[in-house]
Amino acid sequence: MGVWGSDGTWNNAGVTNAASFSAMYDLPELWAVRGPGVLPVEALGDGAASDAREERGCLAATRDSARVTLRLVQDAVIVVRGAEIIAAGDYEAAVGAQRGLEKAGLGDPAVGGALRRARRWDGYILPGLVDLHCHGGGGASFPDAVTLEQVIEAVMEHLSHGTTRLIASLVTDSPDILLERTELLATACDREFLEGIHLEGPFLSPQRAGAQDPAKMQAPNAALVQAVAKTARGWFKTMTIAPELPGVAEPLDGPAPPLVEVLAAAGVVPSFGHTDASAEQMGRAVVAADAALVAAGAGFGRVATATHLFNGMRPIHHRDPGPALEAIAQAASGRMVVELIADAVHLAPRTARDVFAAVGPHHVALVTDAMAAAGMPDGTYQLGPAAVTVAGGVARLTDGGSIAGGTAHLIDVVRSAWRASGIPLADAVMAASLVPARVLGRADSFGSLAAGRAADLVLSDSGLRPLEVYAGGIRAISTVRE
Ligand SMILES: [Zn+2]
């Protein structure tokens, strides 16, 4: 990876690993930061949250029972050694625990020293954010990228604003283009710039196309899924499909398994969206996906998602509740995670608030659905085959005017959920870190400030502007680019 220079430019020449990166900044091998932090309650030693047990007894809730909740701790400390967090918790408790260890002759005195020298931070200390749905930023677009540099440009735009783990989203396109882009993005994943690949289409409803090209949509096709999975070398993580399409939830005539089983077997989480489904069709698909993920041995937290709930879906009608209300019910029961673009553009702030209240913050993943214009001025951009015009920060198809992706960074979505929707900060942060990490099956590795996780940290001011970002212990930025 590279580094932001003091002049605000990105430089990736000659910097290839954490050690040399940290050395450039004279980061000590062992360091600590202290201040208001959003931490898992497990890290505080008061046990895992047990609300999973209160949930209606479905399979997913059972798989989900080990989960923890994030909470704002006023005087938190995070201790980092190299690429990893080695301790996190309430400051006084951490100092006490360390003292006890040292008395027993077990403690590492270096850790005690780091705790005593912990740097004070006035704003917030957050886990690095994890975005499950992002098409680009900084002028670069994953569906249009043809070089690794273009992919990295978009990654860095989001990294410099606090998104330390990113899934790159493609849009509906021809199989040839999808395979070509998958190959490029898989290379970026191999080099640790990305956490995986999301395909939005091509098995979607033309009635709810949004910014997706209906002419490039096609019927569910297991061979295409398998070809993408093979090209992706394990990095194909999620796929948006319309649940009502024949062959998604139930097998077509003949021996072929339903698409949700093909996806689960390939390690891909089905994400239901761009859909004109009835509530019943959505429900059947979620249940089938859940069973397929369990059968495939997917880890806890790997449940189906709803692609940007409400956007690109048949709306709720009181005599025809449609897919959104069913997704909310499934999420409330622990079988699903709903993506929300809570940026106050795609959804009214009130809508996001009510969804959090209905399903609980463990079942919401805040996403950006960002496109190339994220972090860029108004103008004309590309989103796969479609031209997009951005005016006043809102991206719309130049032809037709559908909202065409977001222009916010994930931390902006968190801020909007917190400030505009009134979601508690720790809940909004959890929906942008721990929950998406679980959907990826990676919550043991990143997504929370806990011992044993990657040192992914965002140090923000009190208004949630990211001022310092660390990814795997590497200082990615020291001041945000405006
Ligand atoms: Zn999208």
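## Helix H10, strand E8 and a helix pair

Helix H10 (residues 279-295) has 17 residues, which at 1.5 Å a residue should span 24 Å, and its end C-alpha atoms are indeed 24 Å apart, so the two agree. The expected span here is 1.5 Å times one less than the number of residues. This is a predicted model: local features need pLDDT of at least 70, side-chain atom pairs count only at pLDDT 80 or more, and totals for chains, interfaces and linings use all residues. Residues are numbered from 1 along each chain as its sequence is written.

Buried residues in H10 include Met282, Ala285, Ala289 and Leu293; buried means 20 or more other C-beta atoms, placed from the backbone, within 10 Å of the residue's own. Just past H10, glycine 297 has a positive phi of about 80°.

Here are the helices and strands in play, which are DSSP runs (H or I, at least four residues; E, at least two) numbered from the N terminus.

| Element | Residues |
|---|---|
| Strand E8 | 129-134 |
| Strand E11 | 163-170 |
| Helix H11 | 322-332 |
| Helix H12 | 349-359 |

Six of the six residues of E8 are buried, so the strand is largely enclosed by the rest of the structure. E8 runs parallel to E11, joined by four bridges (DSSP pairing takes at least two). Valine 130 has arginine 165 as its bridge partner in E11.

As for the helix pair, the axes of H11 and H12 come within 8 Å and cross at roughly 40°. Those axes are lines fitted to C-alpha atoms over the stretch in contact, with angles from 0 to 180 degrees between N-to-C directions.

Note on methods: Buried ≥ 20, exposed ≤ 12 C-beta atoms within 10 Å, placed from the backbone.
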